[in-house]
Protein chains: 2
Amino acid sequence: MHNLEKSGVSRGVIAKQTGINAETIRYYEKIGLLSEPSRSSGGHRIYENKHGQRLRFIKRCRELGFNLEEIRSLLTLVDQQEVSCERVQHFADDHVINIRKKISDLRKMERTLKELSSRCSGEDVPDCPIIDVLQR
Amino acid sequence: MHNLEKSGVSRGVIAKQTGINAETIRYYEKIGLLSEPSRSSGGHRIYENKHGQRLRFIKRCRELGFNLEEIRSLLTLVDQQEVSCERVQHFADDHVINIRKKISDLRKMERTLKELSSRCSGEDVPDCPIIDVLQR
DNA sequence: TTAGATCCTGTAGTCACTACAGGATCAAGG
DNA sequence: CCTTGATCCTGTAGTGACTACAGGATCTAA
């Protein structure tokens, strides 16, 4: 059964555990977000608990909409034990501003599309207010 | 002054007229969204009115969040004079569903971040509820 | 021992652009 | 007509955040 030297797991296993695609994990390692794990005698990666923690951290950040560079900054703070609640809060608040901008852009699209759609006859005719506006 | 054979304009000019980057216009041509314009004797592209219309159509679609494949479909409908108001409306309504999904994802991020941020002390201390949650 | 699952590497593809290099052409002024 | 400087031409490479291969090696369970 599980071998992989003492307590580590393979890439496939940690991928399932964290819900992160196995290729993505390799990618995170390549760009330096995830430290290189040790290897089995045959060259297979062996992931320890710390890698799982790291991956979950990254995943939560992604779910909050941070990009990989932002996550790198956050991880650096944590690694260097230089976390300042004030700065992290600022970081988060800035990010909220970006998110709100995106939401407002999307809402504008939504409004416009719904407005256009409401003017459609809904019939199988060549005359369409949506196309008219696009061609205006 | 303006030469460029009869009534056409250069790429730079049409870029300014439409508000679309000149490189982007070349890209649209390359992927077949924009028909190839005629050329001057020296090989420079000469854009006519129809190109300007096309580019404005594309731009409006992009502003409504359609991707280039969706725009390609829309343009094909128009070109083949196969516009059906019913189908276009359906198309738009489907797109609205996607937009709403994006908005709700973003709102969830926003809510979570604001909630976390509200728990921050705002002080320059290493203890931070945001980092705590990310590391949990 | 062997089958089949998983892993290794490097590379290429995705989307919608954007940016460059190195050279040709253009329009305007003299 | 000639020069100058702006614009244009081409092909290619880079962006972000993955994802998907190919062709081979290694692993684990039976």
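**Exercise 1. Which hand does the crossing of α1(B) and α3(B) have?**

This is a predicted model; local features need pLDDT of at least 70, side-chain atom pairs count only at pLDDT 80 or more, and totals for chains, interfaces and linings use all residues. Residues are numbered from 1 along each chain as its sequence is written, and chains are lettered from A and ligands numbered from 1 in the order in which they are written.

Solution.
- Step 1: place the helices. In chain B, α1 covers residues 11-18 and α3 covers residues 49-63. Helices (H or I, at least four residues) and strands (E, at least two) are DSSP runs, numbered from the N terminus.
- Step 2: take the axes. They come within 10 Å and cross at roughly 45°. Axes are lines fitted to C-alpha atoms, for helices over the stretch in contact; angles run from 0 to 180 degrees between N-to-C directions.
- Step 3: class the angle. Under 35 degrees is roughly parallel, over 145 roughly antiparallel, 65 to 115 roughly perpendicular, and the rest oblique. α1(B) and α3(B) are therefore oblique to each other.
- Step 4: read the hand. The crossing of α1(B) and α3(B) is right-handed: the near helix is turned clockwise from the far one by less than a right angle (anticlockwise would be left-handed).

**Exercise 2. Find the residues where α1(B) meets α3(B).**

Solution.
- Step 1: list the α1(B) side. B:I14, B:Q17 and B:T18 take part.
- Step 2: list the α3(B) side. Their partners are B:H51, B:G52, B:L55, B:R56 and B:K59. Contact means C-beta atoms, placed from the backbone, within 7 Å.
- Step 3: sort them. The contact of α1(B) with α3(B) has two nonpolar, four polar and two charged residues.

**Exercise 3. Describe the contact between chain A and chain B.**

Solution.
- Step 1: count. Chain A brings 43 residues and chain B brings 43 residues.
- Step 2: find the main contributor. On the chain A side, α5(A) gives the most, with 21 residues.

**Exercise 4. Work out how chain A relates to chain B.**

Solution.
- Step 1: superpose. A rotation of 180° with 0.0 Å of shift along its axis puts chain A on chain B, at RMSD 0.1 Å. The fit is by least squares on C-alpha atoms of residues with pLDDT of at least 70 in both.
- Step 2: name the relation. It is that of a two-fold axis.
- Step 3: compare the surfaces. 100% of the contact residues of chain A recur in chain B, so the same surface serves both copies.
- Step 4: look at the axis. In chain A, A:I103 comes closest to it, at 2.9 Å (C-alpha).

How values were computed. Contact = placed C-beta atoms within 7 Å. Nonpolar A, V, L, I, M, F, W, Y, C, P; charged D, E, K, R; others polar.
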